[in-house]
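Me: I would like a close look at a single part of this structure, namely the aromatic rings and their surroundings. Please set out the answer step by step for a first-year student.

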Amino acid sequence: MKREKTRQKYGVEETLFRYGRLRIRVKECEEEIRELYARKYSLLDSLLRPKAAEQDRVSGGKTPDPVYETVEKLVDVYEKRIKRATVELCELDGDLAVEKRLLVSLNLPENERRFVELRYVRGLNVQDIAEEMRYSGENIYRMRRRVLQRLTMALHSQKRA
């Protein structure tokens, strides 16, 4: 019986760690998309710069500009990478929404929400959390136990529904 409770507790705690990892990955994905757009627009800007007149005309027609074609291909590559990252971000947002609904349904007090943020998103240990929240380590352990109990009950009621 005790082993089963321990297994449940760690399964519930893994749910909280998963929530933290999802939040971190969403932020990384958003930053990646911003960087890709910045690079893409920088390339587009270089494409729009006026060319020297003597390069435009050779024997009455326009010559293909290898630099222009290369930059155009790079823009396409960035566009594909942006699309992939956007799809991943949408999937992550969906997963995160499920985890977030579960945490919101717990109606945690502010100090317990902060504990979840510090422990499972930022990855701080109990002593660092106690120091930051100005609680004793024992109070933090009790808070952890309460949060895990609430989450366990919420998960069990969710499975029954």
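Reply: In this predicted model, a suitable starting point is Tyr37, which is partly exposed, with a relative accessibility of 31%. Tyr37 forms an aromatic pair with Tyr41; the ring centres are 5.8 Å apart and the angle between the planes is 15°. Planes under 30 degrees apart count as stacked, and the pair of Tyr37 and Tyr41 is therefore a stacked one. Both residues belong to helix α1, and because they are four residues apart, about one helical turn separates them. Tyr41 is likewise partly exposed, at 47% relative accessibility.

This pair belongs to a wider set, for the structure holds three aromatic pairs. Another of them joins Phe17 and Tyr120: the centres of these rings lie 4.8 Å apart and their planes meet at 75°, so the arrangement is edge-to-face. This pair links distant parts of the chain, since Phe17 lies in helix α1 (residues 2-48) and Tyr120 in helix α4 (residues 110-121), 103 residues apart.

The two partners can also be described by their accessibility. Phe17 has a relative accessible area of 24% and is partly exposed, whereas Tyr120 is buried, at 3% relative accessibility. Buried means under 20%, so the value of 3% places Tyr120 in that class.

Tyr120 has further neighbours to consider. Ring pairs connect Phe17, Phe115 and Tyr120 into a cluster. In addition, the charged end of Arg119 sits over the ring of Tyr120, at 5.8 Å from the ring centre.

Key
Residues are numbered from 1 along each chain as its sequence is written. This is a predicted model: local features need pLDDT of at least 70, side-chain atom pairs count only at pLDDT 80 or more; totals for chains, interfaces and linings use all residues. Side-chain values use heavy atoms; hydrogens and water are left out. Rings of Phe, Tyr and Trp (its six-membered ring) pair if their centres lie within 6.5 Å; planes under 30 degrees apart count as stacked, over 60 as edge-to-face and the rest as tilted. Helices (H or I, at least four residues) and strands (E, at least two) are DSSP runs, numbered from the N terminus. Buried means under 20% relative accessible area, exposed over 50%, partly exposed in between (1.4 Å probe, protein chains only). A charge sits over a ring if NZ of Lys or CZ of Arg is within 6 Å of the ring centre and within 35 degrees of the ring normal.
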